[in-house]
Amino acid sequence: TLAERLAREGTNWVNLRFVPPLDLALQMAAPFLVEREIDPAPDSVGAALIMRLLLELPGSTPSYFRPLAEHPKMADALWATVRELRLAGLRAMDLPRAALASAAKQAELQALLAAYEDHLAVHRLADPAAVYGEALQHLDLSPVLPHDVRIELPGVIWAPVERQFLDAL
């Protein structure tokens, strides 16, 4: 909106760059991920991947979500949950039993999150949470300098990992 307004008002020149936090984190983390032969995970396969991982969970894992697997929006809901947990900085081992009212729900979600983490490791992929984590280790490479003005949209609620990254800049 700001860029459009400046253009419509006839501003000849303004030194502004509009960069979403993930793009900035990726710019900082990419050289180190590439060095370890880790690629950014494409977000477009998330729901399908999560459903496949859910259906491949061992039969000994308590079943809460699997009976609902045919529901049209279940894959999207589980993918959103996994993304939110990861962007909150939680890993499978961090998901406490008391986090959910149902023990079966907690156990299956924990197993699904562990399967997702294993998938990332085996296929050498970095999801947004991993990209932010890597970028936080290389703040000295940030293109945002201490004297630069950084503007955030008011009212945006950032996930904890995103907020940690933005605050570190």
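Student: How many residues does helix α4 have, and how far does it reach from its first C-alpha to its last?
Tutor: Helix α4 covers residues 74–87, 14 residues in total, and reaches 20 Å. That is close to the 20 Å expected at 1.5 Å a residue (1.5 Å times one less than the number of residues). Helices here are DSSP runs of H or I, at least four residues, and strands are runs of E, at least two, numbered from the N terminus.

Student: Is this model predicted or not, and what are the ground rules?
Tutor: It is a predicted model, where local features need pLDDT of at least 70 and side-chain atom pairs pLDDT 80 or more, while totals for chains, interfaces and linings use all residues. Residues are numbered from 1 along each chain as its sequence is written, and side-chain values use heavy atoms, leaving out hydrogens and water.

Student: Back to α4. Which residues in it are buried?
Tutor: Met-74, Ala-75, Leu-78, Trp-79, Val-82, Leu-85, Arg-86 and Leu-87. Buried means under 20% relative accessible area, exposed over 50%, and partly exposed in between, with a 1.4 Å probe and protein chains only.

Student: What covers them?
Tutor: The cover includes α3 (46–55), α5, α6 and α7, going by contacts (heavy atoms within 4.5 Å).

Student: And what follows α4?
Tutor: Gly-89 does, and its phi is positive, near 90°.

Student: New topic. Where is Trp-158?
Tutor: Trp-158 sits in the loop between α6 (128–136) and α7 (160–168).

Student: Buried, exposed or partly exposed?
Tutor: Trp-158 counts as partly exposed because its relative accessible area is 23%.

Student: Which residues does Trp-158 touch?
Tutor: Leaving out residues up to four places away in sequence, Trp-158 touches Pro-21, Glu-152, Arg-163 and Leu-166. With Glu-152 there is also a side-chain to side-chain polar contact at 3.1 Å. A polar contact is a pair of N or O atoms within 3.5 Å; within protein, one must be able to donate a hydrogen and the other to accept it, and residues adjacent in sequence count only if both atoms are side-chain atoms.

Student: How far is Trp-158 from Thr-61?
Tutor: The two are 97 residues apart in sequence and 33 Å apart in space, C-alpha to C-alpha.
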